[in-house]
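Got your viewer open? Load the model, switch to cartoon view, and keep the selection box handy.

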Amino acid sequence: MASVPSLAATVHQRVTDALSAALPEAGSADPLLRRSDRADFQANGVLGLAKKLKGNPRELAGKVVDGLPSDDVLAEVEVSGPGFLNITVTDAAIVSTLAARAADDRLGVPYAEHPGTTVIDYSQPNVAKEMHVGHLRSTVIGDALVQILEHRGETVIRRHHIGDWGTQFGMLIQYLVEHPHELDHASDAAQGDGEGEAAMARLNRLYKASRALFESDEEFKTRSRRKVVDLQAGDEDTLALWHKIVDESKIYFQGVYEKLDVEIRDPDIVGESAYNDLLVETCKLLEESGVAVRSQGALCVFFDDIKGQDVQPVPLIVQKADGGFGYAASDLAAIRDRTSVLKADTLLYVVDARQALHFRMVFETARRAGWLTDEVTASHLPFGTVLGKDGKPFKTRAGETVRLVDLLDEATERAAAVVREKAQDLTDEEVAERASQVGIGAVKYADLSNSLTRDYVFDLDRMVSLNGDTSVYLQYAYARIRSILRKAGDARPVAHPELPLAPAERALGLHLDDFADMLAGVAETYEPHKLAAYLYQLASLFTTFYDQCPVLKAETAETVENRLFLCDLTARTLHQGMALLGIRTPERL
């Protein structure tokens, strides 16, 4: 089905046409249409245009009103103040537009006119290390952006640039050489843990034991350093043990991702090591083109506007003086791969704000080298920090970083208490399923409802509350609607454009009609918090509608059907919007 123009788009076009007719020299001037509390919409563009052309704004506004068509869309247009247009649409136009949306599986949301290929780099845990609260934001923000862009028709390639390379692997591999059964699975069979947790237990044991030996035994330290050389040289036996550690970590990662209800596919996990073969060539290309220069033996890129506290230039070091490669080299090699091999035209990096300077330097280097252009762009989407109730970075009482699995488990436990209180007829199995959907949804929503760059306080009591801007409030609104529809009996959701609408119905209807335009904006600016804000307002408007407009006990059968229609479209919109945020909507709570 073709996309459904919103009423805002329809009104915008009509005012634009009337403005052009009234003042041809203005061309297709923007009427600056927006929602208004004085009418359904307000057009402010006449005022600025009249001032620019030295005309009388109220007179020009009057000409625009005279040029607007008389039809079933515009109910009233009045000139207000110095030359604003207050525009009210008809009830029939609202219901008819919503009926067209309801007839479409995509709720009238169009595909992008010119979809491209976007690589989203997100959720980048380190091999052999536990995922902590710091990994939460990159994972849920990245996953939401994947869903939103794919929904628009964009080709999205997911990339998880895991930390799977470095000097620490010499220590781990050498310990495995000397203790070959350290990662054997049989030793954990009796623990009864999930597979992922058991994998992490093995990795933790390996890391602690190898670290203790590394710090206490100089001969082991020497052997470990030699093992790094073997790894970098591609020694088969060394690589086999390295793969064993990486594979064990992936088992653990998948356990965490399943708990977080996020799909991470193995082919999309492309770590630092994947670009090793490109590093030498990348450095050669940068040096030969003059983008990078040798400075004290290191290969560096300098920037006129980036200096340290001593006013000396701060370079991007692509290759160290000892020949080793840093993060910059692998990031630049990844850009080459993603643009030339994957044919991406947009690269997005969902990485915390502390890496802003690094990405600024990497992207500028890639532009100078010609790997990024006006047509092929890269953007860093920085995000803020998760804070504790004390306003400091979230830690345990012992001052340690909070394990992500512990945080998710606690959220699910808190949610279980809410679910039991609201639905006492559920079995233990049903409670567990709902608790996971509610608890994990609460954690995701609390993150996604904040703008990316904003720090936020992690407060589980507030997150699982049925009141306020929480996912539980949205899930409850959805479950309430599904309950209404189940109780409707033979009555069905049917749009009746001929019926007058109550104020609460109009407010709900106009907001429902804004879904497609809002989603287009979110996809354009990569701001999922605006989708969360839209859904919260939708649930709030539905609550007002439900309180003020009887549904099943309405005066006539047609009114019952029309209000069931509004209920049904609200539920479908909540379900679709929440799914794009990676949050489930239980049929019952």
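This tour goes from a sheet to the helices on it, and then to a helix further along the chain.

Keep in mind that you're looking at a predicted model.

**Stop 1: the sheet.** Select 33-35 and 74-80 to get strands S1 and S3, the edge strands, each of which pairs on one side only. Now fill in the rest: this is an open, antiparallel sheet of four strands, ordered S1-S2-S4-S3. Ignoring direction, neighbouring strands here are turned against each other by 25 degrees on average.

**Stop 2: inside the sheet.** Pick residues 41-43 (S2) and 84-89 (S4), an antiparallel pair joined by three bridges. Click on Phe41 and look across to S4, where Ile87 is its bridge partner.

**Stop 3: helices on the sheet.** Add residues 7-22. That's helix H1, which packs on the sheet and touches S1, S2, S3 and S4. The direction of H1 makes about 135 degrees with that of S4. Next, select 503-513 for helix H17, which lies across S1, S2 and S4 and runs at about 100 degrees to S4.

**Stop 4: helix H19.** Select 528-548 and put a distance label between the end C-alpha atoms: they are 31 Å apart, which agrees with the 30 Å that 21 residues should span at 1.5 Å a residue.

Which residues of H19 are buried? Show side chains for Pro528, His529, Leu531, Ala532, Tyr534, Leu535, Leu538, Ala539, Leu541, Phe542 and Phe545. To see what covers them, bring in H5 (134-151), H14 (428-448), H16 (471-486), H18 (515-525) and H20 (557-580), which are among the covering helices, as is H17 from the previous stop.

Key. Residues are numbered from 1 along each chain as its sequence is written. This is a predicted model: local features need pLDDT of at least 70, side-chain atom pairs count only at pLDDT 80 or more; totals for chains, interfaces and linings use all residues. Side-chain values use heavy atoms; hydrogens and water are left out. Two strands pair if DSSP finds at least two bridges between them. Helices (H or I, at least four residues) and strands (E, at least two) are DSSP runs, numbered from the N terminus. Axes are lines fitted to C-alpha atoms, for helices over the stretch in contact, and angles run from 0 to 180 degrees between N-to-C directions. Contact means heavy atoms within 4.5 Å. The expected span of a helix is 1.5 Å times one less than its number of residues. Buried means under 20% relative accessible area, exposed over 50%, partly exposed in between (1.4 Å probe, protein chains only).
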